[in-house]
Every structure is written in C-alpha cells, then in structure tokens.
There are 2 protein chains.
Amino acid sequence: MIECHLRKLRLRDEISAAEEAALRGTIVDTVTHPAGRTIVHFGEALNYSTLVLDGFVGRYKDLKNGQRQITHVHVPGDFADLHGFTLKRLDHALLALTPCTIARASHTRLHEITETQAHLTRVMWFSTNVDAAIHREWEVSLGRRSAIQRAAHLFCELHVRLGVVGHAEAERYRFPISQAELAECLGLTPVHVNRVLRELRERGLVEFRNGLVAFQDLPGLKRLAEFDPGYLYLDPHPL
Amino acid sequence: MIECHLRKLRLRDEISAAEEAALRGTIVDTVTHPAGRTIVHFGEALNYSTLVLDGFVGRYKDLKNGQRQITHVHVPGDFADLHGFTLKRLDHALLALTPCTIARASHTRLHEITETQAHLTRVMWFSTNVDAAIHREWEVSLGRRSAIQRAAHLFCELHVRLGVVGHAEAERYRFPISQAELAECLGLTPVHVNRVLRELRERGLVEFRNGLVAFQDLPGLKRLAEFDPGYLYLDPHPL
DNA sequence: CGTAGGCTTGATTGAACTCAACAAGTGTGG
DNA sequence: CCACACTTGTTGAGTTCAATCAAGCCTACG
C-alpha cells in the first residue's frame, strides 16, 4: 500500500524493516476522492498527513480575483503535506487533480517516530526538503522560462518522478488533467497552454492528449527545457 | 551571536537552555563575505550549514543563457541552507546580496542533535518547512501576480521577517540591494523593475532608494499585494 | 578626471492575455 | 431517443504588459 513511498525512500537510503513497520504504523485509514475535490482546505488544522497512493494531488493557493496557482503536483508515493506535521495548518489547499486514493498518517504516531527513531526522522525531513527543492525549480520556471519551456520542464519532471514509482514507461505516462489545470501549474492562461501544446506537438517533441503524455523526442524536449534532474535528489546517500 | 535565530524560533515554541546550548554548540566558526560573493556554489558537497548573522543572503539558480532567478532572500537569523544537512549538496547557490556575516553550523553536530534531541530536531525541521512555505508564496507571485504586486509583496514580506529579528522599524528598513538583483528576485528585467518602483513611489505606497525601503502607505501596499503573513507561521505553536 | 556601475527614460517589439466564437464529447432529463 | 446544458478543447483577432534596444545621467572611486 505504501510501497511506492518506500521505493522512493530506498533510492536514497536504506530503510530497515523496523522503520518500514513504524511508517506503516502511522497510517490510520485510506480514503478515495473524486477528481476536483479539495482534500485539505487552506488554513485547516491538521492531525494527519496525506500520503498519495494513487492518482495526482496538487497543492494550490487562491487569489482574491479567483485565479489560483498550483505550486506542486504530487504523484503516487508522495506525502502531499508531511510538512503539515510541523506546521499544524497549511498555507495552501490540497486538491485531487484526478480521482485518487490517499492514506492518512497520524501526527501522533509521526510524533512518536521523531521521539524514538532518529534516522527515520531524518529521512522524513529529507523528504520535505526535496519538496522544497521542487518548489525552487518551479520558481525558476515561473520566473525565467518561456511558456513552452515551462510546459516542457513539467513534462520532464513528472516523467522522472513517475518513473521512480513505476508509473511511467520509457516514452509515455498517464497524466489525466485538463489544460485549465495545466495552466494553473504553469502560471499561464488555458488558451495559451493550448497553443503551447500545439507547438510542442508540431515541433515533434511531445504530445499531450486525452490525459496521456507521449514523448516523440525526449532528448530534444530536455534540451528545450534545460532539464537536469539533480534537484530531485534521487541518488543514494545515507542519512 | 545567534540571538536573532533564537528569537525567531521562540516566537513559535519554547527553546530550553539545554537546546539553546546545543544549537550554539553546532557553530564552528564565523565568516564575513563582501557583497556579490557566492558563499556556497551549486552542487557543492556540504559539511556545514550557513546561519546568517548579519546582511542579506540569496538562494539562486542559473540558467544557460546567463539569466538567474533568486528563489529566496535570507535575513539575519535565518539558516540559508539548513536543508543542506539532509540534502548534502545544494540544488542552488548561496549569494551574499550585501556584505554579510555568517556562522557555520557543523553537520556532525546537527546529526548529534537529531540523535538525542527530538524536540529541537522538530524545531529545525519546522524551520525548513517555513522556508518551503515562502517558496510557495513566491511561486504564486511569479506565476500569478503583476509586476507591481510582486514588488509590493516582497517589500511586505521582508518587513515582517525583518521586524521579527529587530531589523525593521514601523515604516522602514534597510535593504541595500541593486535594482538588477531585485529583478532577479521578481522574475523581471531591471528596466521594468525601475518603472515599477517609480509607480509605487508615484502612487504614494512605498519608496525604494539608496538601499532603504520607506513605506508611505503600508495598508495600501498590503492591499495591492494581497499580503497575508500567515504563510510565515509566526504564531506560537508547541512542537 | 576618466571610467564603470547603477539608475532613468523613451521608443519599439513581442509574448502572453483577453475576448469571442465554435466544435466535440458527456451527461441528463423530458 | 433526442434536445439541451455543460465541460473541455480549439482557433482567430485584437490588446496589453513587460521585454528589448538604445541613449543619457549620475556619483563613486581609482
């Protein structure tokens, strides 16, 4: 059930059987949500953190004029709000971008882990730090990259992150969100996203259609996006 | 010496004398850097984390075309790369935006803290999570706010963060960086930043001149920026 | 006192936005 | 079963915000 999460952690460091058991022990229940559902609201007080088992979950923030910015896209195996364990309320909301299944990890039990399992605590800390690294890369996209580069970069990032948990093939993966939601990730309007997707298609780089990302020229796409996966910290390094 | 840092932590939670001593014990030396110096390079392996004692430090990422994006501005009392403790190398560089003094905290000693001081570990974890929250707010600025709102929001954010550590007055604070560096924070060109600053001045909201931010109408500025300091997590909450 | 870096302004260009219309697909209820 | 609403995607025309290009102005300093 939390295999995806463990697989990701084990790319970086060893997780003992005892640690695995402790992590499993934090899970108190499993819930499914339809696409479009807000899973955790802005400012809500938290007693649980949300581990994505299946589907895509987004973090977003609203603006007064009704616009919103998605600040992070979570894939299966990600904790969507492990930071909520220390923050206790979120500065953003969590949204089911697709139908999804999530497990809820009790903060009480996470607290016990921090009291007794120093190594596992560092691993969890590490995991939130990678999230922050992804936020930084998105800042670079939003601040400095052109619309087409932003889209290309996101497709590359998700390919790597989904690959780690066995949810991507060599040249394609499922990513069933609308162009409007893609626009909210990229800081663009839906209309412009549509044009950008057409250009990516016409340049023979990648096709995004019917919730499927299909690469035609992955090296070319990475070159366009200046994609370097180093910020995802997937190399082994004991904590 | 690390009083600013402690003051900030104590807004959120109690820090015992023993914890304070442990934190002080991590510091192995103090270094000063001239403005413009890169303190930690991209990808560099780390054995120390950087605590800002005085001056401003930026996190930035370079692009191939020579542009760069500053993803975070650190004020005195901030750890600029506490996340480096778990990441072990940085996905960004650290830059002295002004002349600055930093203390270096040994990762070996931070490791000891994580082995023996669960509460203090949670506090440090919390501290990196607030950094991530600031990254998210910047994503919203870069993705969705107009140029003038972005500038206004940054001035508001720094006012609060500097206030916490006693580096801001009610209506003004020192922030001696160039318009070009401001542009790198805001995802704009230096020329446009210049025009935006003029407009903020002419609209009677804020003046930025000679390294000084002087508010003329702080409520108006906050309204323009839609500034809500909740994402800084400055309210008390025991960990 | 000459030069470089930072600031300022004007003119022009361009990337992305806005507004508007329409097509295709989906679901629903009469 | 069809009419209708609704969502999502597509395209065109016109606009706007910020970028680019270019020039001139300080003032700090070697």
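**Close-up views of the predicted model**

**View 1. The edge pairing in a sheet of chain A.** A:Thr50 has A:Arg104, a residue of strand E7(A), as its bridge partner. The model is a predicted one, in which local features need pLDDT of at least 70 and side-chain atom pairs count only at pLDDT 80 or more, while totals for chains, interfaces and linings use all residues. Residues are numbered from 1 along each chain as its sequence is written, chains are lettered from A and ligands numbered from 1 in the order in which they are written, and side-chain values use heavy atoms, with hydrogens and water left out. Strands E3(A) and E7(A), the latter covering residues 100-106, pair in the antiparallel sense over 6 bridges; two strands pair if DSSP finds at least two bridges between them. Strands (E, at least two residues) and helices (H or I, at least four) are DSSP runs numbered from the N terminus.

**View 2. The sheet E1-E7-E3 of chain A and a helix lying across it.** In chain A, 3 strands in the order E1-E7-E3 form an open sheet with antiparallel pairing. Strand E1 (27-33) and strand E3 (48-54) stand at the edges with a single partner strand each, so one side of each is left without a neighbour in the sheet. On average, and with direction ignored, neighbouring strands of this sheet are turned by 30 degrees against each other. Helix H2 of chain A, residues 17-26, lies across E1 and E7 of chain A and runs at about 55 degrees to E1(A). Such axes are lines fitted to C-alpha atoms, for helices over the stretch in contact (heavy atoms within 4.5 Å), and the angles run from 0 to 180 degrees between N-to-C directions.

**View 3. The surroundings of A:His74 in strand E5 of chain A.** A:His74 has its place in strand E5 (residues 68-74) of chain A, and it is buried, with a relative accessible area of 0%; buried means under 20% relative accessible area, exposed over 50% and partly exposed in between, computed with a 1.4 Å probe on protein chains only. Not counting residues up to four places away in sequence, A:His74 touches several residues, among them A:Val52, A:Phe56, A:Phe79, A:Asp131 and A:Arg161. A:Phe56 is 18 residues from A:His74 in sequence, with 5.6 Å between their C-alpha atoms. The side chains of A:His74 and A:Arg59 make a polar contact at 2.9 Å, the term standing for a pair of N or O atoms within 3.5 Å; within protein, one must be able to donate a hydrogen and the other to accept it, and residues adjacent in sequence count only if both atoms are side-chain atoms.

**View 4. A hairpin in chain B.** Strand E4(B), residues 57-62, and E5(B) pair in the antiparallel sense over 6 bridges, and B:Gly58 stands opposite B:Val73 in E5(B). The hairpin that they form has 5 residues between the strands, and B:Gly66 in the turn has a positive phi of about 95 degrees. In strand E5 (residues 68-74) of chain B, 7 of the 7 residues are buried, so this strand is largely enclosed by the rest of the structure.

**View 5. The protein surface near DNA strand C.** DNA strand C is surrounded by 15 residues, and the closest are A:Ala147, A:His192, B:Gln179, B:Asn194 and B:Arg198; a residue is near a strand if one of its heavy atoms lies within 4 Å of it. Of the atoms of DNA strand C within 4 Å of the protein, 68% belong to sugar and phosphate. A backbone N or O atom of A:Ala147 is 2.9 Å from a phosphate oxygen of DNA strand C, and a polar side-chain atom of A:Thr189 lies 3.0 Å from a phosphate oxygen of DNA strand C, whereas an N or O atom in the side chain of A:Arg195 is 3.2 Å from a base oxygen of that strand. The elements giving two or more residues to this surface are helix H8 (190-202) of chain A and helix H8 (190-202) of chain B, with the largest share, 4 residues, coming from H8(B).

**View 6. The protein surface near DNA strand D.** The 15 residues surrounding DNA strand D include, as the closest, A:Gln179, A:Asn194, B:Ala147, B:Thr189 and B:His192. A polar side-chain atom of A:Gln179 lies 2.6 Å from a phosphate oxygen of DNA strand D, and for A:Asn194 a side-chain N or O atom lies 2.8 Å from a phosphate oxygen of DNA strand D. The largest share of this surface, 4 residues, comes from H8(A).
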